[in-house]
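Open the structure in a viewer and keep the selection tool at hand. The stops below say what to select next and what is found there.

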Amino acid sequence: MKVAIIGASGQIGAFIRDEALARGHRVTAIVRHPEKITAQDAHLTIVEADILRDKVEELVNGHDAVISAYNPGWSNPDIYDEQIRGYEAIITGVKTSGINRLLVVGGAGSLEVAPGVQVLDRASFPEQVKKGVLATRDVLHMLKEDHELEWTFLSPPASIAPGERTGHYRVGKDQLLKNEKGESRISTQDYAIAMLDELENPQHIRERFTVAY
């Protein structure tokens, strides 16, 4: 496929980019800081852009799908507003370009830990981080209100960090997944595998799902 990845140099987006390239997809990396990408691949095109200023429909036009790992930056004081404006631009731009498929890197904050109780209700987040967690939850609400795009929102477990690429993961829907030790975690590599598996073999159209060990 020809895939546009927004935020392809970030903490999660970089792993999604590399997994897509390893599978032979043609990747357009849409990033604010192209200097962060040192990987070289004949199937990789790097485009410097800011989706808050540039036209998303022009950036993604001609692709088969868009994967968004967009994040304004956890230290950005305007993270909530910029994330919401960013996703408004992404959703509108993807639809305007005629692309049907949008996959989004979600958050764990909106996963349930009990009926009607979300991680965000139980966990203690620093105020700055909480703004981003709330924005990500509201992006999910925005997607649920859209009935045109074939969107998918992939929430990580409570802990996601670079580690081993095992190729194994469990799948859930709206509840936080934990293992027998009570741990809720996955490596960024295996999260990227789950994202590309969903791209290649869609199982969660217009749904949120989550993965963990």
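**Start at the middle of the sheet**

Select strands E4 and E5: the two run parallel and are joined by 4 bridges. The model is a predicted one. Within this pair, Ile 67 faces Leu 103 in E5. Now show the side chains of E4. Ala 65 and Ile 67 point to one side, Val 66 and Ser 68 to the other, and all four are buried, so both faces of the strand are covered.

Next add strand E1, residues 2–6, on the E4 side. E1 and E4 (residues 65–68) also run parallel, with 4 bridges between them. Here Ile 6 is the residue opposite Ser 68 in E4.

**The whole sheet**

Extend the selection to every strand of the sheet. There are 8 strands in an open sheet with mixed pairing, and the order is E3-E2-E1-E4-E5-E8-E12-E10. At the edges are E3 (44–48) and E10 (170–172), each of which pairs on one side only. On average, neighbouring strands are turned by 20° against each other, ignoring direction.

**Helix H1**

Select residues 13–22. This is helix H1, which lies across E1, E2 (26–31), E3, E4 and E5 (101–105), and runs at about 170° to E1. How many of the 10 residues of H1 are buried? The count is 7, so the helix is largely enclosed by the rest of the structure. To colour them, pick Gly 13, Ala 14, Ile 16, Arg 17, Glu 19, Ala 20 and Leu 21. A charged side chain does not keep a residue off this list: Arg 17 and Glu 19 are both on it. The buried residues of H1 pack against E1, E2, E3, E4, E5 and also H6. After the helix comes Gly 24, which has a positive phi near 90°.

**Helix H6 and its crossing with H1**

Keep H1 displayed and add residues 188–200, helix H6. What does H6 touch in the sheet? The strands in contact are E1, E4, E5, E8 (150–155) and E12, and the direction of H6 makes about 165° with that of E5.

Now view the two helices together. H1 and H6 pack with their axes 9 Å apart, at an angle of about 55°. That angle is neither under 35 degrees nor in the range 65 to 115, and the two helices are therefore oblique to each other. Their crossing is right-handed.

For the contact itself, show Phe 15, Ile 16, Glu 19 and Ala 20 on the H1 side; these meet Thr 188, Gln 189, Tyr 191, Ala 192, Ile 193, Met 195 and Leu 196 on the H6 side. Sorted by class, the contact has 8 nonpolar, 2 polar and 1 charged residues. Ile 16, Glu 19 and Ala 20 have already appeared among the buried residues of H1.

**Out of H6 and into E12**

Follow the chain from H6 towards E12 and stop in the loop between them, where Arg 206 sits. Most residues other than glycine have a negative phi. Arg 206 is not a glycine, yet its phi is positive, about 55°. Is Arg 206 buried or partly exposed? Its relative accessible area is 36%, so the residue is partly exposed.

Continue to strand E12, residues 207–212, and select Ala 212. Its relative accessible area is 0%, so Ala 212 is buried. Beyond residues up to four places away in sequence, Ala 212 touches Pro 157, Tyr 169, Arg 170, Leu 177, Arg 185 and Ile 186. For a distance check, draw a line from Ala 212 to Ile 160: the C-alpha atoms are 9.0 Å apart, with the two positions 52 residues apart along the chain.

**Two further stops**

Select Gln 118 in strand E7, residues 117–118. With a relative accessibility of 18%, Gln 118 falls under the 20% cut-off and therefore counts as buried. Apart from neighbours within four places in sequence, Gln 118 is in contact with Gly 109, Ser 110, Leu 111, Glu 112, Val 113 and Arg 137.

Finish at Met 142, in helix H5 (residues 127–144). Its contacts, leaving aside neighbours within four places in sequence, are Ile 84, Tyr 87, Glu 88 and Ile 91. Of these, Tyr 87 is 55 residues away from Met 142 in sequence and 8.6 Å away in space, C-alpha to C-alpha.

Definitions and conventions. Residues numbered from 1 in each chain as written. Predicted model: local features only at pLDDT ≥ 70, side-chain atom pairs only at ≥ 80, totals over all residues. Heavy atoms only, no water. Buried < 20%, exposed > 50% of the residue type's maximum accessible area, 1.4 Å probe, protein only. Contact = heavy atoms within 4.5 Å. Pairing = 2+ DSSP bridges. Axes fitted to C-alpha atoms, helices over the stretch in contact; angles between N-to-C directions. Parallel < 35°, antiparallel > 145°, perpendicular 65-115°, else oblique. Left-handed = near helix turned anticlockwise from the far one by under 90°. Nonpolar A, V, L, I, M, F, W, Y, C, P; charged D, E, K, R; others polar.
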